Amino acid sequence: MLAFKDTQLALIHIPLPLYSSFLQSILQILLPNDSQDGHSTFNGVGAVQPPPAWPYEHPFVNISVTPIECSVVCSRKLANDIFVPALNLLDPKSRDQVSITSEDYVVMQVDGEGLDAGQRVLELTSPLALAGISIFFITTYFSDYILVPIRYKTQVVHALEERGFIFEDQTSCYVNPSHHSRQHSSPQSFEVRPPGTPPPATVSELQTRTFATLKRRNIVPTVDSCLRLVQCAGRRDGANGISEGRNRSSMTSTADDALHLGLVKCLISPPYPKFLSLTLTDTEPASLLLDPSLLPNFAPDILLGSKDDFLIPITLDLRDLPMESTGIICGVAGRLVGGTAGQLESAVEMSYLSTARAGTVMVAEDELKRALVALRGAENGSSTPD
């Protein structure tokens, strides 16, 4: 099941050297509205003041700090009210390094049950790719989220209906009654084509274009041998979850405050977190993908998820591509699934994180070698990971 959230989003790219210049802005979007006027969670010396109420009230926010960048997805209003003033305080040279999309995006929430993460991406993105619609894809602990330019919203509905997806009430959600009978296809590359360039006619052509673009730009999948990630989340039940009707018991309030304090501690880790991706919505608990060294910032039993099942990020640095080319990682992930499924006994299970200027595929530690063989073999015939 999939639902459009009631928000219009902006995507923000912040170079890591400028992270501290936007730290106050990032912390502000964690606060409820009644705390944003004249109050801060951070006093400049590390002291944290929890907000008077939490769960999160904005439909969708993603804050990601990776080895490549700080990337923020938030409502256009938050971007204009909180990030633009911080941007205007920078010197001209620094200001030019920060990007805020001029086009608004909408976000769809995909129920995480049913197909595995890779197959959900294939089911949803291939019809959009072949329709020439660029998207971003973010996997979280409970759900997946697809961001599309708002001008393509009607085409998104049409493209998915053409492939058998049924939207209920025209605006809210869809069900896919025939996914077991459809052939899985690979996802799109997210590359926004220049005007006049037609979309690919086939998935094979799509993947060929994706890898040609990567090769032309000298973009290769990289792995930091020292970086491991864990995926976890706030609890759905009475602790750091979203309470029915937004009424919080004292127990829920304490748990929410503890989660909030842990998040703030992660964000103020000097000079910035090594890897942290935080997704906040108004319908689900917080979802985190983070460097395990950040876990001590959270009180025991605050987070769901195994702390011992490590994921390895495979990163594509897209900073040398135009801003509108963001998201090419999904095409690479599609080639990865297709390559491993066709050449090996089973596909590599993976999840995805699209950020403003980078793309990341996450795989389990024991799947890393197979993933790199497929990716690097697809690109240049290499069969041995570094």
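1. Let me start with strand β15, residues 350-354, in this predicted model. Five of its five residues are buried, so β15 is largely enclosed by the rest of the structure. With buried taken as under 20% relative accessible area, that holds on both sides of the strand: Met350, Tyr352 and Ser354 point one way, Ser351 and Leu353 point the other way, and all are buried.

2. Next, the partner of this strand. β15 pairs with strand β16 (residues 358-364) in the antiparallel sense, over five bridges. The two strands form a hairpin, with three residues between them. If you would like one contact to look up in the viewer, Ser351 has Met362 of β16 as its bridge partner.

3. Now to the cavities, which may interest you for your own calculations. The count comes to three cavities of 30 Å³ or more, and the second largest has a volume of about 50 Å³. Leu353, already met in β15 as a buried residue, is one of the residues lining this second largest cavity. Also in the lining are Ile138, Thr139, Thr140, Gln231, Ser277, Thr279, Ser287, Leu288 and Leu289.

4. Which elements give two or more residues to the lining of the second largest cavity? They are β7 (136-139), β12 (276-281) and β13 (287-290). Of the elements, β13 gives the most, with three residues.

5. Finally, a word on the chemistry of that lining. The residues around the second largest cavity divide into four nonpolar and six polar, with no charged residue.

How values were computed: Residues numbered from 1 in each chain as written. Predicted model: local features only at pLDDT ≥ 70, side-chain atom pairs only at ≥ 80, totals over all residues. Heavy atoms only, no water. Buried < 20%, exposed > 50% of the residue type's maximum accessible area, 1.4 Å probe, protein only. Helix = DSSP H or I, 4+ residues; strand = E, 2+ residues; numbered from the N terminus. Pairing = 2+ DSSP bridges. 1 Å grid on protein atoms, 1.4 Å probe; cavity = no way out; pocket = protein on both sides within 12 Å on 5 of 7 lines; lining within 4 Å. Points joined across faces, edges and corners; volume = space filled by probe spheres on them. Nonpolar A, V, L, I, M, F, W, Y, C, P; charged D, E, K, R; others polar.
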